[in-house]
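Biologist: I'd like to learn how to read an interface and a core from a model. Could you walk me through one?

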Amino acid sequence: MTDRHPSIAPPLSNHRHVVATSVYVSLRRESEMPLIVKDHTWTQNQNTVYISVPLKGVKPASVHVTCTDEYLKVSFPPFLFEVFLFGSINEERSEARIGNGVAVFTLQKRRDESWEQLFTNIDKDKQKQIREQAVLKVQQKEAEKSKAKAARIQQEKKYALETMMKLENKERDRIQKMKDEECARATAELDFWRETQRKTAEEKENQQKTRGTGPQDNQPVNQKTVTLMRNTGDTTSGQRSRKQTAKDLPAPRSAGCIQISFTPRVFPTALRESRVPEEEEWLKKQAEARRAVDTDLAELDDLREDERNPDWLKEKGDKLFMSGNYQAAVNAYNLAIKLNRKIPALFSNRAACHLKLRNLHKAIEDSSQALELLKPAVAANASARLKAHVRRGTAFCELELYVEGLQDYQAALEIDPHNAALRADSDKICEIIQGTT
Amino acid sequence: MSSALEKPQIIAHIQKSLNYTVFDSQWIPCSAKFVCMGNFARGSGVLQIYEIQHGELQLVREIEKAKPIKCGTFGATSLQQRHLATGDFDGSLNVWNLEVPESPVYSVKAHKEIINSIDGVGGLGIGDGAPEIVTGSRDGTVKVWDSRQKDTPVVNMEPMEGETKRDCWTVAFGHAFNDQDRCVCAGYDNGDIKLFDLRNMSLRWETNIKNGVCSVEFDRKDINMNKLVATSLEGKFHVFDMRTQHPTKGFASVSEKAHKSTIWQVRHLPQNRDIFMTAGGAGNLHLWKYEYPAQRTKKGADDVDMGVAGSVNLLQNVTLSTQPISSLDWSPDKQGLCVCSSFDQSVRVLIVTKLNTV
């Protein structure tokens, strides 16, 4: 915006009284230094005022009109024309025509009277008020317009959606109709076929009746009379079967027996019940355990060959356990475990020994260790796990830790639900727990 | 018409809700009637005969028996007699005359446990040779019976001494193209499929498909064995080309995964042996067509003939119920008509259209 005549602005209220033959720049607070237009012309008649404002070369597109009932502002940067109207007008019925270098306003007066002049002289505050009102009004109008537009768009969308739905429904109905027709046709065919069947059957029956029992004598095997069956079927199959029964059937097959075997499996459950990954894991673990021998122990040098074999030691320990020598059995298992820490049976059996020796804590430790080694839980190690659970449960109960003991007994029952002794024991423990709490 | 309806359509023509669990349904040959077999909630077996009339099922006859009935077949009777052979939960094989059902025509305590599957051959004017019935049971044995011989089977396929037994879930006859030849195929719950040759009284072929075998069927019983379809748990079925047997590799096969659940039954269309329908555990039916390969045999590595398996195409599928469809039977008289029963205690009559243009 060029600043042609910067000067200290006179008080705002005075700018209207400047003689308007030339353009005058005034610094106004609200706008961006527009040039006030003063060379407008106006005429009037009884009910209309015509104002003509030259556009001074500004394109009609950039003309912005704000009009209320008492105020008209035309802003076409860098020019501005505003007028506080002498009388009030009907803004809705007024119109503006912008083009050909001039903006013509046709304002409808509210009251049919003749205006002495276009302007009214009103003070600064009133002017400000009117301007603000005008701005508000414009905003309102804009808001309303946008709302109306939104509503219209909504309407159109709904309409589009409805039409789409209608079209799709039509398509669906059409396909359904086709399917139904097909169905009806097939049903009709079926009924027709049955009718023909029945008719031929009846005909055949009548034929049979008239012919008597003659043909039936030729069938040596068939004892039943044909008339018992109502629907004997079409004639061709009847003839075929008669031909077959006419010749002798081969004698019953001489008895035979074929022995079969089934695909072998390491585990007894069928593939659908087996848990193959876990079972493989268990097998691998077993294989590893057998191989793991901890040989760098100094004491091993003075052991015999037998005593270096964990299996032999385990057997020895078992024998000692049977004969009641629990401490010696523990020693044997200790040595075996030193050689191979991965065999769960050793820990489990040592736990049994400790139970007998009333070393309850050690029993618990050992059976826990055994259970650790017996993961993953598969059908193959079920009995081993059962024993370990029972031993640990017993140890807990002896220590009066009944809740933990009950947990182990429950686990054991899960493995073997049909064991009556287990069930009796766990019931007893339940009672004890309930009795003490 | 749009191209969508050029494929065969499976139309549920009639559906009937029953008040008992139905295990099997079979068409009575040369009629518009079928038999449903099952058991009442009170533990007794039932046979119901229905007739299709004017788009509805009319109950013609209801027969109650002591033990629940698991399976039945008309395969071993003549067209005049149309006796039904049934296997029940007790292991008894009975052959009934449905007009006089009070006492069976032939009865034998076939197995110690439930008879899971039954098949008949030599009757209905199909094939040559003596009519025989084969039963497969949970006690791991497969026995072949002839109604002229009482009390003992003519062939017994049993596990060897000391062998843990596996349930036999399905049996089927095949290769019965002359008086002497006959084969029995049995499927077990551990995935074993065994083919027994009854002429030589020997095991001809066996294989294992890793999952329990729910149903086996030859495409035709009365021809030189051509194709065998075996369905299993977990939605897989295998089609074996039975024309060429390799000494070590056995028969060539193609397998397909469908249904996402157990495939309970497979049945070939009587009028076209390359079309078959599989019934699944999710209540759906798939209609398949087998395409033969360009060459059915080829020379293997050691210059021995090997079979070549073809391919299967899915023609159509439909979901009828939420419960497994346990049995399916095509009508031998009208192409495309079939009856199926499912565990939602209902039986449905279906029409499959456009099978002659497939």
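Modeller: Sure. Start with who takes part: here 72 residues of chain B and 46 residues of chain A make up the contact. Keep in mind that this is a predicted model.

Biologist: How much area is buried between chain B and chain A?

Modeller: About 5,100 Å², and carbon and sulfur atoms give 57% of that.

Biologist: And how many salt bridges does the rule find across the interface?

Modeller: For chain B and chain A the rule finds 2. Take A:Glu182 and B:Lys354: they form a salt bridge, with the closest N and O atoms 2.9 Å apart. Beyond charge pairs, look at polar contacts, where the count between the two chains is 11 residue pairs, both residues at pLDDT 80 or more.

Biologist: Which strands of chain B supply residues to the side that touches chain A?

Modeller: β1 (10–17), β4 (45–53), β13 (155–159), β16 (192–197) and β17 (202–208) of chain B each supply at least two residues. β13(B) gives the most, with 5 residues. By residue type, that side of chain B divides into 25 nonpolar, 25 polar and 22 charged.

Biologist: Now the interior. Which residues have the most contacts inside the largest nonpolar core?

Modeller: That core has 22 residues, and those with the most contacts inside it are A:Ile51, A:Leu72, A:Phe76, A:Phe81, A:Leu85, A:Phe105 and A:Leu107. To tie the core to the fold, look at the strands: β3 (48–54), β5 (71–76), β6 (79–84) and β8 (102–109) of chain A each supply at least two of its residues. There is also a second, separate core of 21 residues, which includes B:Val22, B:Val46, B:Val347 and B:Val349.

Biologist: What is A:Ile51 in contact with, leaving aside neighbours within four places in sequence?

Modeller: Its partners include A:Leu72, A:Phe81, A:Leu85, A:Phe105 and A:Leu107. A:His40, A:Thr41 and A:Trp42 are also among the residues in contact with A:Ile51.

Biologist: Let's try a polar residue. Is A:Ser94 buried or exposed?

Modeller: Check relative accessibility against the cut-off: buried means under 20%. A:Ser94 is at 17%, so A:Ser94 counts as buried. A:Ser94 lies in strand β7 (residues 89–99) of chain A.

Biologist: What does the side chain of A:Ser94 reach?

Modeller: The backbone oxygen of A:Asn90, at 2.6 Å. Not counting residues up to four places away in sequence, A:Ser94 touches A:Ile89, A:Thr106, A:Leu107 and A:Gln108. You've met one of these already: A:Leu107 is among the residues with the most contacts inside the largest nonpolar core.

How values were computed
Residues numbered from 1 in each chain as written. Chains lettered and ligands numbered in written order. Predicted model: local features only at pLDDT ≥ 70, side-chain atom pairs only at ≥ 80, totals over all residues. Heavy atoms only, no water. Core = buried A, V, L, I, M, F, W, Y, C linked by side-chain atoms within 4.5 Å. Buried < 20%, exposed > 50% of the residue type's maximum accessible area, 1.4 Å probe, protein only. Helix = DSSP H or I, 4+ residues; strand = E, 2+ residues; numbered from the N terminus. Contact = heavy atoms within 4.5 Å. Buried area = accessible area lost by both parts, 1.4 Å probe. Salt bridge = Lys/Arg side-chain N within 4 Å of Asp/Glu carboxyl O. Polar contact = N/O pair within 3.5 Å; in protein donor to acceptor, adjacent residues only side chain to side chain. Nonpolar A, V, L, I, M, F, W, Y, C, P; charged D, E, K, R; others polar.
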